[in-house]
Amino acid sequence: MFSALLKFILGILLAIAVLLGSGVAVGLYFMNRTAIPPTKPMYANDIPALKDPDSKKNKIEPVSTPQAKIETTPTPSPSPTETEKPLPKGAYKGRITWPQGVSLRAEPTQEAERVGGAGFDEKIIVLEENPDKLWKKVRVESSKIEGWTKVGNIERVDE
């Protein structure tokens, strides 16, 4: 009776050990297979042997011809024509404070279409604020793109 019980318990422990061992082996196999990056695809233009071997034979060498001396007249440097326009009523200057830059939206919602973007520390003009005061309409000074961005991404700049 005692030896039969011992054989039964030993059989159960052996079965569990075999199942655990095979599970670990299968898991390691698949983990190693997924860790190997796939081979880089080869295209015809990547292999030099497949390129046109006669390309050197058919290559036309440019012939240099003496050119007449071209006289140039100095052109005056352009004067800055764009003057700083006065800001609209209620508008003020600011800058982007979000380190990754911001997306500018067509409307003051997260789901609105993206119309552009502005990088970190870029100068902007805040034009208006929506009624719930969570979004501000801004114009990027460098690109003149207008759009809505969240309030926490910008700060006022006093010049």
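Here's a quick briefing on the chain shown above, from its overall layout down to a few individual residues. Keep in mind that this is a predicted model. The chain has one helix and seven strands, and the helix comes at the N-terminal end of the order, with the strands following it. Two spots get most of the attention below: a nonpolar core of ten residues and a nonpolar surface patch that includes Leu5.

**Overall layout**

- Reading from the N terminus, you get α-β-β-β-β-β-β-β.
- The chain runs to 159 residues, and 16% of them are buried.
- Its accessible surface adds up to about 13800 Å², with carbon and sulfur atoms accounting for 61% of that.
- If you take the contacts between residues at least 6 apart in sequence, 45% of them link residues at least 24 apart.

**How confident the prediction is**

- Average pLDDT for the chain is 81, and 74% of the residues reach at least 70.
- Confidence peaks in α1, at 93, and is lowest in strand β7 (residues 154-156), where the mean is 89.

**The nonpolar core**

- The largest nonpolar core is built from Tyr92, Ile96, Val102, Leu104, Ala118, Ile124, Val126, Val138, Val140 and Ile154.
- Four strands put in at least two residues each: β1 (92-96), β2 (102-105), β4 (123-129) and β5 (135-140).
- Leaving aside residues up to four places away in sequence, Val140 touches Leu104, Gly117, Ala118, Glu122, Lys123, Ile124 and Ile145.
- Of those contacts of Val140, Leu104, Ala118 and Ile124 are also listed in the core.

**Thr149**

- You'll find Thr149 in strand β6 (residues 146-150).
- Thr149 has a relative accessible area of 2%, so it counts as buried; the cut-off for that is under 20%.
- Again skipping residues up to four places away in sequence, Thr149 touches Val102, Ser103, Leu104, Leu134, Trp135, Lys136, Val138 and Ile154.
- Among these contacts of Thr149, Val102, Leu104, Val138 and Ile154 are core members.

**The helix and its nonpolar patch**

- Leu5 sits in helix α1, which spans residues 2-35.
- Leu5 is part of a nonpolar surface patch of about 690 Å², together with Phe8, Ile9, Ile12, Leu13, Ile16 and Leu20.
- Because its relative accessible area is 49%, Leu5 is classed as partly exposed; a residue has to be over 50% to count as exposed.

Key
Residues numbered from 1 in each chain as written. Predicted model: local features only at pLDDT ≥ 70, side-chain atom pairs only at ≥ 80, totals over all residues. Heavy atoms only, no water. Core = buried A, V, L, I, M, F, W, Y, C linked by side-chain atoms within 4.5 Å. Buried < 20%, exposed > 50% of the residue type's maximum accessible area, 1.4 Å probe, protein only. Contact = heavy atoms within 4.5 Å. Areas by Shrake-Rupley, 256 points an atom, 1.4 Å probe, with all protein chains shown as cover. Patch = residues over 30% accessible without salt bridge, like charges linked within 9 Å, V, L, I, M, F, W, Y side chains within 5 Å. Salt bridge = Lys/Arg side-chain N within 4 Å of Asp/Glu carboxyl O. pLDDT = per-residue confidence, 0-100.
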